[in-house]
Amino acid sequence: MTQLDLPSDALARTIRASFWRGARAGFPFNAAVIPFGLLFGVVAADAGFDLLQAMAMSILVLAGASSLTAIELLTQQAPVFIVLLTAAAVNLRMAMYSASLAPHISSGPLWQRAAAAYLMVDHAYALSIADYEVRPDAPVRAKLAFYLGVCLASVPSWFVACFIGALIGTQMPASLGLDYAGVVMFVSLFAPAVRGLPKIAALLVATLGSLLLAWMPYALGVLVAASLGMATGALVERALQRRAASQEAV
Amino acid sequence: MTISTFDIWLTIIGLAIATFLIRFSFIGILGGRQMPPWLLTALRYVPVTILPALVAPAIMWPEATGGSFDPMRAAVAILTFALAWQLRNPMLGFLGGLLCLIIFINAGGVLGL
């Protein structure tokens, strides 16, 4: 045993404590996961997915926003290639999550990292990275335990909710406004991130671009507008940095 | 029009693989290796561009009204944005937005709008 290693029972206790702390932090997110899962199930059934297909997508992809995107584009008869490109683009933010988690967990056991990758949902990332910043020196196994605790407390309900949604399917009453619940979900997902001039500029260009390019086939306008928005954000950010640097120099 | 079974399965499997690879990229394959700065910068703008670009047409031209602008649905989107932004909390924004949506839709029906 090296000096840095905790005694094994103390380590086991730390890991267990981290797991339960994660589970407690993750549990309230069921309040968002369940309605979103129901929504996904209903939308999939409406689009003509049978129960097996809806559940395969729910379990294998485990990413609601991009799954809804894929279904929406499929119903517009877009070619599968475009469907995959756009739906995967919705998940690109997770490459950023992965990069930001890597320094904390990439020395952990492979199966746990694979599980963490499979389970990488927005709130698991957000809660975990916040915890790692408070406890940067926690053992890798404890950090992974926190993450998996968040997921085990809030992801199984996703499968159940998708299943129920797919069963209810088209019988869902219109008065619940489910046609628009997906929009509400997307808006609430990105809204808190819109802070500072570069992000506002990126948002405006992406939004206006998407409306102006709505004539493009297979929702290609979405990808083009998002790319223009990203470029705008990066350029504004750099311009602001330059200005700050030149003011410092004076 | 119905979607072909083949297209559905191709989408499910393709998206499952692509999504796992994106998620596994740094914690699994690349380790703690540094990304080029321009890529890191671009990725930070993914959430505030791809999602708004996706919903903007659905807000302006909702499917449920046959593609004509609906002030009620636009108001729900704006309220949801304001709520989630102010509270800095996606979950509360979503639940609040859903509540607005249900109230607005049912009030609209009652008032005959």
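This tour moves through a predicted model, naming at each stop what to select and what is found there.

**Chain A as a whole**

Begin by selecting chain A and showing it as a cartoon, where you will find 13 helices and zero strands. The C-alpha trace of chain A spans about 65 × 65 × 30 Å along its principal axes, and of its 250 residues 51% are buried. If you switch on a surface, chain A exposes about 11200 Å², of which carbon and sulfur atoms supply 69%. Among the contacts in chain A with a separation of 6 or more, 76% are accounted for by residues 24 or more positions apart.

**The two domains of chain A**

Next, colour residues 8–169 of chain A as domain 1 and residues 194–249 as domain 2. The C-alpha centres of these two domains of chain A lie 27 Å apart, and where they touch, nine residues of domain 1 are in contact with five residues of domain 2.

**The salt-bridge network around A:Asp131**

Select A:Arg21, A:Asp131 and A:Arg135 and display their side chains, since these residues are linked in a network of salt bridges. A:Asp131 meets A:Arg21 with an N to O distance of 2.6 Å; this pair links distant parts of the chain, with A:Asp131 in helix H8 (residues 122–134) and A:Arg21 in helix H1 of chain A, 110 residues apart. A:Asp131 also meets A:Arg135 in a salt bridge, here at 2.7 Å from N to O. How accessible is A:Asp131, buried or exposed? A:Asp131 counts as buried because its relative accessibility is 10%, under the 20% cut-off. A:Arg21, at 22%, is partly exposed, and so is A:Arg135, at 36%.

**Two loops of chain A**

Move to A:Pro28, which sits in the loop between helix H1 (8–26) and helix H2 (30–46) of chain A and is partly exposed, with a relative accessible area of 41%. Adding A:Ala153 to the selection gives a pair 125 residues apart along the chain whose C-alpha atoms are separated by 8.8 Å.

Then select A:Gln77, in the loop between helix H4 (64–75) and helix H5 of chain A. Its phi is near 60°, a positive value in a residue other than glycine, and A:Gln77 is partly exposed, with a relative accessible area of 34%.

**A nonpolar surface patch**

With the surface still shown, select A:Leu51, A:Val160, A:Phe163, A:Ile164 and A:Leu167, which form a nonpolar patch with about 420 Å² of accessible area together. Helix H10 (residues 156–168) of chain A contributes the largest share of this patch, four residues. A:Phe163 is found in that helix and, at 37% relative accessibility, counts as partly exposed.

**Helix H13 of chain A**

Now select residues 220–249 of chain A, which make up helix H13; its end C-alpha atoms are 44 Å apart, in agreement with the 44 Å that 30 residues should span at 1.5 Å a residue. The buried residues of this helix include A:Gly221, A:Leu223, A:Gly229, A:Met230 and A:Glu237. To see what the buried residues of helix H13 pack against, show helix H5 (80–90) and helix H12 (197–212) of chain A together with helix H2 (37–44) and helix H3 (47–60) of chain B.

**Into chain B**

Continue with chain B by colouring residues 1–33 as domain 1 and residues 36–111 as domain 2; the centres of these domains of chain B, taken over C-alpha atoms, are separated by 26 Å.

Select B:Asp70 and B:Arg73, which form a salt bridge whose closest N and O atoms are 2.8 Å apart. B:Asp70 is buried, with a relative accessible area of 11%, and B:Arg73 is buried as well, at 9%.

A further stop is B:Arg88, in the loop between helix H4 (71–87) and helix H5 of chain B, where phi is near 55°, a positive value in a residue other than glycine. B:Arg88 counts as exposed because its relative accessibility is 58%, over the 50% cut-off.

Finish at B:Gly97, in helix H5 (residues 90–111) of chain B. Which residues is B:Gly97 in contact with, leaving aside its neighbours within four places in sequence? They are A:Val184 from chain A and B:Val76, B:Thr80 and B:Leu83 from chain B. B:Gly97 is buried, with a relative accessible area of 1%, and the C-alpha atoms of B:Gly97 and B:Met35, 62 residues apart along the chain, are separated by 37 Å.

Technical notes. Residues are numbered from 1 along each chain as its sequence is written. Chains are lettered from A and ligands numbered from 1 in the order in which they are written. This is a predicted model: local features need pLDDT of at least 70, side-chain atom pairs count only at pLDDT 80 or more; totals for chains, interfaces and linings use all residues. Side-chain values use heavy atoms; hydrogens and water are left out. Patches are made of residues with over 30% relative accessible area and no salt bridge: like charges are joined within 9 Å, nonpolar side chains (Val, Leu, Ile, Met, Phe, Trp, Tyr) within 5 Å. Accessible areas come from the Shrake-Rupley method with a 1.4 Å probe; for residues, only the protein chains shown count as cover. A salt bridge is a side-chain nitrogen of Lys or Arg within 4 Å of a carboxyl oxygen of Asp or Glu. Buried means under 20% relative accessible area, exposed over 50%, partly exposed in between (1.4 Å probe, protein chains only). Contact means heavy atoms within 4.5 Å. Domain bounds come from an automatic or database domain assignment. The expected span of a helix is 1.5 Å times one less than its number of residues.
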